[in-house]
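Please consider the packing of cores, strands and helices in the structure shown here.

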Amino acid sequence: MEISVALSSGVTGGVALESWPCRYAFNRRHSGAPSTRKFLFRKKSYSKKLTGRRLMSKMADSDVKAATSDSIAGKMIFEPILEDGVFRFDCSANDRDAEYPSLSFINRNNTDVPIMSNKVPLFIPSFERLLGRQIVKLELPVGTSFYGTGEVSGQLERTGKRVFAWNTDAWGYGPETTSLYQSHPWVLAVLPNGEALGILADTTKRCEIDLRIECKIQFIAPPSFPVITFGPFPSPSAVLISLSHAIGTVFMPPKWSLGYHQCRWSYDSEERVLEIARKFRENDIPCDVIWMDIDYMDGFRCFTFNKERFPDPKSLVKDLHHIGFKAIWMLDPGIKYEEGYFVYDSGSKHDAWIQKADGMCFVGDVWPGPCVFPDFTQSKVRAWWANLVKDLISNGVDGIWNDMNEPAIFKAVTKTMPESNVHRGDNELGGCQSHAHYHNVYGMLMARSTYEGMELADPSKRPFVLTRAGFIGSQRYAATWTGDNLSNWEHLHMSIPMILQLGLSGQPLAGPDIGGFAGNATPKLFGRWMGFGAMLPFCRGHSETGTINHEPWSFGEECEEVCRLALKRRYRLIPHIYTLFYMAHTRGTAVAAPAFFADPKDPNLRTLENCFLLGPLLVYASTMPDLGSDKLLPVLPKGIWLSFDFDDSHPDLPALYLQGGYIIPLGPPLQHVGESNPSDDLTLIVALDEHGKAKGILFEDDGDGYGFTKGEYLLTHYVVELESSVVTVRISETEGLWKRPNRRLHVQLLIGDGAMLHMWGIDGEVLQIEMPSEIEASKLISSSKEHRRLRLENIKLIPNVEDVSGHKGGELSGTPTMLESGDWSLKIVPWIGGRIISMVHLPSGRQWLHSRVEINGYEEYSGMEYRSAGCSEEYNVIQRDLEHAGEEEFLLLEGDIGGGLILQRQITIPKDNPKVFQVESCILAHNVGAGSGGFSRLVCLRVHPTFSLLHPTESFIAFTSIDGSKQEVWPESGEQLYEGNLLPNGEWMLIDKCLGFGLINRFNVSDVYKCLIHWGTGTVNLELWSEERPVSKESPLRISHQYEVREI
């Protein structure tokens, strides 16, 4: 059911109505009588009284003009808000008064109340209203680099990319996937001179962020929405600080949450959970948290425990606490639709559920089966949920994991609930609106409700919530992770820029599933991932059911040792990481930042993706399987950068560099954070700058609770200075009410190539170190280099085993074959089905097909049965010609499908028509026995591509049949089979109306006997079937077809 609204004809450039009833529009795709129930969809108006603002509005409104008969365009009007350098832009004064409340700003009045300022923006966006969309454009100087855009896969520098901010369950996503689990309609632009500008499209609706044209930003979303700019400010860090004043800072995490977390889908019993926990302690591998996935529940019912496998959760948590572990448990939004289930009954009494447009309760399938979903846009529902969380915490729950909260819905083409569903939201959030309005903030509001429930349960503890779905501002309530990634080197590499992009979008507490969620990690992949994953802000290993075990000891003793070393590094660094989070919480600074933060003017740093900064600490990893960190030739920012380690150098651990002029604090390599004591030895690692000076800070408190907000903490500023040949270490100032613990202080002064001078003393006293002579320093450096060389020679390297067989996903770590020429970039995996797992149309940036390695994608069968022979066998590459001097690029594959038959496939990007790629497939009789007369069994060549739908409700198949009839096939039509005169007459097209592009599939009609369309969850299959018959050497089965993208 679609909702349409009647707008006042007297309003220009926006909607100034206080409210309007929704009407119901029916078209050819829907049937049935409309409901008599109506919802009041509200918009709020705000009074704006500053004369200066009105003057600017009038001046800017005069620039608005009609671009065409059905569109308007012009420069946006602006006003200063929040603080100096921050501006709000709107299409018109009427739009400004009619726009929805901001759900990204922590104080919504800050977007509406102008401030007095003499500054004017350096860059003013233009806008166009066209076909029901608001298009905002901003052009920046040549040499500008783009970052941010939230949770996105692919490259760090975003020029050339397009993102759709629409929270999507994106299992097994790839580098070209354009919608993931979270939405951050935000771009951080670094200008050529190193200054930076932030741009926020302040809308909760589906928003396209188009950065495909160099130095140009384009936001496209339903009207009307404001754009907020931050800066230009002197540095990217200054932009993030200003952004945090708008959207809030990250919640202050409990210190234990910065340790290592071990998770799996699922540790399915109390016995297994305790077995895993004890194994960590036995193997001397640090860990703080064990996670319980969905199988701890009774039939996937939230707020319940399986009585057989988790009969006594309180006792389990008590046992975990005894050996230093916390326990985190999952909660999904889908509540089983079942009378007698206490959560469903209670929610129904509170009228808590999201409704359909007809006023009935929406029911959608998730893990428990039919489910209803809380409407977190209502304060009464958030309070109801918070009280359920409060009761759950009484079982000893230490943290909560919100999953599936995009919200994900099974058996739905869109992967989520209908956009016409209705949320009866609080007025302060925007009132009663459709799901299209609130979809992107659903996960954030669920995380907020969960966070508030944990606060209710124990106000003396800081909540820890992890959420999969989120919106810009979610960091106020929850940490996040990068969702269901894959166990392969591509995802290992992407995990660094993905975490950095989240940090550049205001969410610093993030990490990937170390080792990869889907598929089997190999020993080297897992060890390398843990090596740098242990340095990321949120550090958790997680894997899916059906894969091999992914604990640190699961891959042999060599990998286990790398994991042990990596995690001991992390625990040494927790005082530094905790200090970074205190600064992020109180000031809005980054925790993990790209290398260019050290020198934003240096263009050579802007695309570095295998390194990151933790304050002044540069972590440099190798993300290539055959190159260890010891062989890297790092690109370093200007200035002094001194390498060091913990006598633990290893090719699978990242190299560490400390920036000259800084100090970082370290603690002992504990088994868990709870072992720490204020009287533990404190270590300071020092790197002097060119002036012989250094500075650093250490934040200390109880590690939990809110005493730090009342002064119950100690913030120490250490300074180091070289005068003559003496280095002096002292405290320059302190903050907080805490007294300094009585502890030893160990100063390690770096002098180059890992060499360091050591000095012990008492923290709080002045320490002095005598600098060695140049000859003595040279000897120390030479000795350090030799010691490192010997260590690297004698360590046991992780075996180079890249094939883990016998379990689901064993082949994920192989390297796909690339074909890239003309308009197309293709990835093919010969070793399992010869399938195409990625089809990217380069001019549009659209990834039409993306799949995991072992299923879906483009595959072919040799029979009418789904997944018959041909889709999983190993194919051999018979011939591959790379593009040289304008020659065409093609790949020829063959797979043995049994019975003397070969399935052969040639994939070609033609030289004379690079806009298409061609697939020639055939089933050949290779060695059919004479007893059969030279003929094979009955076979059918079935081409089975699974295309990805970015906009399922706006996508359809169009073609003209052989008989001349026009066909449009939409997702709600289900599966459709066409044959005879209804067959497409040589081509059919998958059209995405939102993008304005269509994927044409042309084929030889004489080859094809049937065409099948099957709509899946966020996918569609466009199948071509040959006739079914035996084949001989003289009579193979063939299908020849090609793909091309056309602008509609």
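The report below treats the nonpolar cores, one sheet and one helix pair.

This is a predicted model, in which local features need pLDDT of at least 70, side-chain atom pairs count only at pLDDT 80 or more, and totals for chains, interfaces and linings use all residues. Residues are numbered from 1 along each chain as its sequence is written, and side-chain values use heavy atoms, with hydrogens and water left out.

The largest nonpolar core (buried Ala, Val, Leu, Ile, Met, Phe, Trp, Tyr and Cys joined through side-chain atoms within 4.5 Å; buried means under 20% relative accessible area with a 1.4 Å probe, protein chains only) has 185 residues. Helix α13 gives the most to this core, with 16 residues. Helices (H or I, at least four residues) and strands (E, at least two) are DSSP runs numbered from the N terminus.

| Core | Size | Residues included |
|---|---|---|
| Largest | 185 residues | Phe230, Trp329, Phe464, Phe644 |
| Second, separate | 52 residues | Ile836, Val939, Phe947, Val1020 |

An open antiparallel sheet runs in the order β34-β35-β36-β38-β37; strands pair if DSSP finds at least two bridges between them. Because β34 (592-593) and β37 (641-644) each have a single partner strand, one side of each lacks a neighbour in the sheet. Ala592 stands opposite Leu614 in β35.

The axes (lines fitted to C-alpha atoms, for helices over the stretch in contact, with angles from 0 to 180 degrees between N-to-C directions) of α12 (residues 523-533) and α13 come within 8 Å and cross at roughly 10°. The two helices are therefore roughly parallel, a term for angles under 35 degrees.

Note on methods:
Buried means under 20% relative accessible area, exposed over 50%, partly exposed in between (1.4 Å probe, protein chains only). Angles under 35 degrees count as roughly parallel, over 145 as roughly antiparallel, 65 to 115 as roughly perpendicular and the rest as oblique.
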